[in-house]
Amino acid sequence: MQFEFGKVYEFQVVGLQANTAGVNFLNLRYGTEEGFRVRPLPFQVDGALPKAVRCKVKNISLKGLPTLEQDIAGLIRENFSVGQEYTFSVISCDKDNNERTYYNVRDQFGLSHRLYYKGEPKYNIGESVLLK
């Protein structure tokens with residue numbers, strides 16, 4: 001199988017394994033070929049492993065092996081709709097380089113976002129908020 005740079009492929013998840021540095025990877029299979037891996041998203045480590053993941057080819061080695069990254073844009077398109085409300089957890093409160101205050105919030109997939117605000121804080125750390 002030859003992989004193309006920038007293209008997205010669906011891989012079957014075989015298992016979860018940590019490398020010698022303790023970094024987790026999902027072990028993947030494409031068709032009958034095994035030996036592929038990708039970093040899991042936070043929610044994939046804490047719960048049941050997904051049966052399949054879509055991955056984008058970020059690089060191809062001289063041996064033709066792909067360096068993979070999960071297709072987060074596709075995941076968001078499939079699971080979020082414009083105008084709908086979704087639950088986010090407030091992780092922390094911080095300031096950016098311009099001294100603007102924001103909340104670090106995390107969605108159900110473990111993806112982090114910044115929620116800027118003015119004035120006094122409205123939410124507490126650990127609180128769930130509904131956002132469009």
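# Exercises on a predicted protein model

The protein chain carries 17 positive and 15 negative side chains, with the centres of the two sets 3 Å apart. The coordinates belong to a predicted model, and each exercise below is followed by its solution.

## Exercise 1: Overall form

Determine how many helices and strands the protein chain has, in what order they occur, and how the chain's extent relates to the globule rule.

*Solution.*
1. The secondary structure consists of two helices and nine strands.
2. Read from the N terminus, these elements follow the order β-β-β-α-β-β-α-β-β-β-β.
3. The radius of gyration is 18 Å, whereas the globule rule gives 14 Å for 132 residues; the former is well over the latter, so the protein chain is more spread out than a compact globule.
4. The C-alpha trace spans about 55 × 35 × 30 Å along its principal axes.

## Exercise 2: Surface and contacts

State what share of the residues is buried, what area the chain exposes, and what share of the contacts joins residues at least 24 apart.

*Solution.*
1. Buried residues make up 29% of the 132 in the protein chain.
2. The exposed area is about 9100 Å², of which carbon and sulfur atoms supply 47%.
3. Take the contacts between residues at least 6 apart in sequence: 44% of these join residues at least 24 apart.

## Exercise 3: Strands S1, S2 and S3

Trace the pairing from S1 through S2 to S3, and identify the residues that stand opposite Leu26.

*Solution.*
1. Strand S1 (residues 8-18) and strand S2 (residues 24-30) run antiparallel and are joined by six bridges.
2. Five residues lie between S1 and S2 in their hairpin, and Gly22 in that turn has a positive phi of about 85°.
3. S2 is also joined to strand S3 (residues 33-38), antiparallel, by five bridges.
4. The hairpin of S2 and S3 has two residues between the strands, with Gly31 in the turn at a positive phi of about 65°.
5. Leu26 in S2 has Leu16 opposite it, and Leu26 also stands opposite Val38 in S3.

## Exercise 4: Strands S4 and S5

Describe the pairing of S4 with S5, then assign the side chains of S5 to the two faces.

*Solution.*
1. Strand S4 (residues 52-60) pairs with S5 in the antiparallel sense over five bridges.
2. Asn59 has Thr67 in S5 as its bridge partner.
3. The two strands form a hairpin with five residues between them, and Gly64 in the turn has a positive phi of about 90°.
4. In a regular strand, side chains alternate between the two faces of the sheet.
5. In S5 (residues 66-70), Pro66, Leu68 and Gln70 point to one face and are buried, while Thr67 and Glu69 point to the other and are not buried.

## Exercise 5: Two loop glutamates

Locate Glu99 and Glu127, and classify each by its relative accessibility.

*Solution.*
1. Glu99 is in the loop between strand S6 (86-95) and strand S7 (101-106).
2. Although Glu99 is not a glycine, its phi is positive, at about 65°.
3. The cut-off for exposed is over 50% relative accessible area; Glu99 has 55% relative accessibility and therefore counts as exposed.
4. Glu127 belongs to the loop between strand S8 (112-116) and strand S9 (128-131).
5. Because its relative accessibility is 29%, Glu127 counts as partly exposed.
6. Leaving aside residues up to four places away in sequence, Glu127 touches Phe88, Ser89, Val90 and Lys122.
7. For Glu127 and Ser89, the sequence separation is 38 residues and the C-alpha to C-alpha distance is 5.8 Å.

Terms used:
Residues numbered from 1 in each chain as written. Predicted model: local features only at pLDDT ≥ 70, side-chain atom pairs only at ≥ 80, totals over all residues. Heavy atoms only, no water. Helix = DSSP H or I, 4+ residues; strand = E, 2+ residues; numbered from the N terminus. Rg over C-alpha atoms; globule rule 2.2 N^0.38 Å. Buried < 20%, exposed > 50% of the residue type's maximum accessible area, 1.4 Å probe, protein only. Contact = heavy atoms within 4.5 Å. Areas by Shrake-Rupley, 256 points an atom, 1.4 Å probe, with all protein chains shown as cover. Lys, Arg positive; Asp, Glu negative; His and termini not counted. Charge placed at Lys NZ, Arg CZ, Asp CG, Glu CD. Pairing = 2+ DSSP bridges.
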